[in-house]
Amino acid sequence: MRTWIVLLLWACAHQTVNAVALSRGLVRRKTKEIEGQQDKELLKRSKRGWMWKQFFLQEEYTGTEHQYIGKLHSDMDKGDGTVMYVLTGEGAGTVFVIDANSGDLHATRSLDREEKPFYTLRAQAVNKKTGVPLEPETEFIVKLHDINDNEPKFDKEVYTASVPERSHTGTYVTQVTAQDADDEMFGYSAKLSYSISQGHPYFSVEPHTGIIRTALGPSDMDREQREHYQVVIEAKDMAGQKGGLTGTTTVNISLTDVNDNPPHFTQSIYQFSVPELTTVGSSVGRIEAVDADVGRNAEMDYIIVGGEGLDVFDISTDRNTQEGILSVKKPLDYEKKKSYLLQIKVQNTHPDPHFRIPDADIATVSVNIEDVDEPPQFEKIRYILEVKEGAAVGTVIGSVSAVDPDIRRSPVKYSIDRHTDADRVFGVYAGNGSIFLQRPLDREEFAWHNISVLATEFRHLDNPEQTSRVPVYIRVLDVNDNPPTLASFYETFVCENAKAGQKIQTISAVDPDDPVGGHRFSFFLAPESSVRANFSIRDNGDIATLRNKDNTAGIFTRRSGFGRMHKSTHLVAVVIADGNFPIQSSTGTLTIRVCTCDRDGNMEMCNAEALASSAGLSTGALVAILLCILILLLIVVLFAALKRQKKKEPLIISKEDVRDNVVSYNDEGGGEEDTQAFDIGALRHPEAMEDSKLRRDILPSESLYPPPPLRRTIVPSRENADVREFINQRVQENDGNPTAPPYDSLATYAYEGNGSVAESLSSLGSVSSEGEQDYNYLSEWGPRFRKLADMYGGEDSDWDS
């Protein structure tokens, strides 16, 4: 408002100055005209009576009356009303009008300087009556004074610009330009200032140039976080002061991509399956990686960097989809390898050295090989098992394992190829493949056994093509079960003139066992040869530390002078023991002949007996042969005796005969004097004590059996005539039966008797009534029967109470 007031005052002052100048011009012009008329009379030449150049008019007039511009006046006007002013030119009569009498010039409407900044008009003073111009026509200009009535306008309504992401602060983006229709030469109406109203804090604009720049650092300008920005720029006239007019424009800014992101896999583990018969070069599967960048920056390469299939698989990149194509590089074999684990790395094809990006991403690819129908496969190509000799039959020595390599995983049946085990020494459990012994093993006979184990699927038992085999090598481990013996038969002699301590023979031993640390034999004289011994034996080497021990021993003389005629042959029993656990030993006999020797100890002559014995069998061998013959004869005799004895039937052989509680021991008894063979008293008196030493084949006297200390009613015993009669009858039958056993054998009569001294235990068959019973004797049987005596032996009053 203040600005408008200033402009209005300035326009009024300008009009006043123009009017004064115009009046002064008119006066000077009038004076000159008078002088001209005077000169005209002399020179006969007329002059113009008034002249002006321009008027000023404020644009955008808002008043209701015509806007006054100025006053035209000619020196020819005497004020008598004879002069008339005529206006011609641009806008004359429409935009501009003049008062014909007074010469006042007015504008009929508001004018716009931006539409037309000035008008060229012509004015002339004429005689009102005659219409004759009083002076020549004069041209003048009406110029419009500018006011700030136009806002700035940008060249484009919408600008489009781009800047690389990760740009530094102050990076140039674009420049916007605005134009103001106001007069730039007049005041600040056309002086513009640029500012940003939308787009903070990412961008800024220079106030005087309109250049837009980035306002944040590289970390904040990330295309992957935000790609498009809309920035609104304002242009304000009056140099940005208050009251200025404003124009706006929109700038769409996009961040262009740079290669600042690495590719990464969409999943960490990929799984594929491929048949083992897949041809080389065929595709196994595709793996996918994504890159936040776009275009050329998103191109990637796949590389196999680790795993088990570096030489089996290959990988390439599909440039259209940027996927990795995994393919077969070498033939696959399910039996050798069922699956592969690969480490795949993905990286950019065109890395940008200006940006440090994280390391390349790695994914794990699992490739399973699909199987075809094939025979079972053993876990090993061969098996080596160990078992100690002498192991018990049925001992499991190890196992083999085979599986169906097919997906079905059919059960497997195991068996042994009997062509490799004709003696059936080993067996195998069909279900689990455990190998066990069927016969004892002897390492000294066979140290190794080589067999083949077959594996067949249960669903292909009749198909030999679906059977696989594996060799099994069984090593028999040594057990110290053999004693050492003399290595050979030694022809040993001693000279008659031998001296004490003279070595006459070196002996060694052999042992079929094979200890881990080697043999350690010890030699010493047997007890029977150590008494008054003529010879001694010493181990060679250091026995205490076993150093330099060669498992030999020397035979030495213990005295000098041996008489060939006195004793031509000496027998020395040598005990040989090994050093393993359990210690095994044996005794060998050395036959030492006494011979005649020369001075150098060379044998000259031995007796014939010694020579014969040396050529034939030794005495010990002959004795052993005779003992074997005697043992065989005894076995034959015993076998014949046992066979004859089996033909005789025993008296009681059936275990089902339960008529008597008599146990048959199959003994013949002790004859007539055997008083323990039969005890008839057990039938007569059951209460008789078993530990009695009296004869049991006669009737015992009653005085020998005092009545028991039982308080009960004694029933008089009956005669035993029926027992005697029964027994006598059976005795006669047995005596007259030729097939009966010997007379002193035990005979079963199966007689239960028809009465008992204990009488019946039933209350129904009791001789006396219940009231006559005396139960007090129960208390004498011990504490266990005392309560029973109290219950049955009490008074009637006790029961009533």
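**Notes on charged pairs and one strand residue**

1. Let's start with Glu444: this residue counts as partly exposed, because its relative accessibility is 25%. Keep in mind as you look around that this is a predicted model. Glu444 has a partner, Arg443, and the two form a salt bridge whose closest N and O atoms are 3.3 Å apart. Arg443 sits at 14% relative accessibility, so this residue counts as buried; the cut-off for that label is under 20%.

2. Why do such pairs show up at all? Side chains of opposite charge can pair when their charged atoms come close. How many salt bridges does the model have? The count comes to 20.

3. Now find Asp222 and Arg166. Their salt bridge has its closest N and O atoms 3.4 Å apart. What I'd point out to you here is that the pair links distant parts of the chain, with the two positions 56 residues apart. Asp222 belongs to the loop between β14 (211–214) and β15 (228–236), while Arg166 belongs to the loop between β9 (158–164) and β10 (172–175). Is Asp222 buried or exposed? With a relative accessibility of 10%, it counts as buried. Arg166 reaches 23%, so that one counts as partly exposed.

4. Next, try Arg418 and Asp421. Their side chains meet in a salt bridge, 2.9 Å from N to O. Arg418 has 25% relative accessibility and therefore counts as partly exposed. Asp421 is down at 5%, so it counts as buried.

5. Salt bridges don't have to come as simple pairs. Which residues make up a network here? Arg223, Glu224, Glu227 and Asp257 are linked together by salt bridges.

6. For charge of one sign, have a look at the surface: Asp423, Asp442, Glu445 and Asp481 form a negative patch. Take Asp481 from that group. You'll find it in the loop between β33 (467–477) and β34 (485–486), and its relative accessibility is 37%, which means it counts as partly exposed.

7. Last stop, a residue without a charge story: Ser434. Where is it? In strand β31, which covers residues 434–437. Ser434 counts as buried because its relative accessibility is 13%. What does it touch, if we skip neighbours within four places in sequence? Ser434 is in contact with Val396, Gly398 and Ser399, and also with Gly427, Val428 and Tyr429. Try picking those residues out in the structure yourself.

Definitions and conventions:
Residues are numbered from 1 along each chain as its sequence is written. This is a predicted model: local features need pLDDT of at least 70, side-chain atom pairs count only at pLDDT 80 or more; totals for chains, interfaces and linings use all residues. Side-chain values use heavy atoms; hydrogens and water are left out. Patches are made of residues with over 30% relative accessible area and no salt bridge: like charges are joined within 9 Å, nonpolar side chains (Val, Leu, Ile, Met, Phe, Trp, Tyr) within 5 Å. Accessible areas come from the Shrake-Rupley method with a 1.4 Å probe; for residues, only the protein chains shown count as cover. A salt bridge is a side-chain nitrogen of Lys or Arg within 4 Å of a carboxyl oxygen of Asp or Glu. Lys and Arg count as positive and Asp and Glu as negative; His and the chain ends are not counted. The place of a charge is taken as NZ of Lys, CZ of Arg, CG of Asp or CD of Glu. Helices (H or I, at least four residues) and strands (E, at least two) are DSSP runs, numbered from the N terminus. Buried means under 20% relative accessible area, exposed over 50%, partly exposed in between (1.4 Å probe, protein chains only). Contact means heavy atoms within 4.5 Å.
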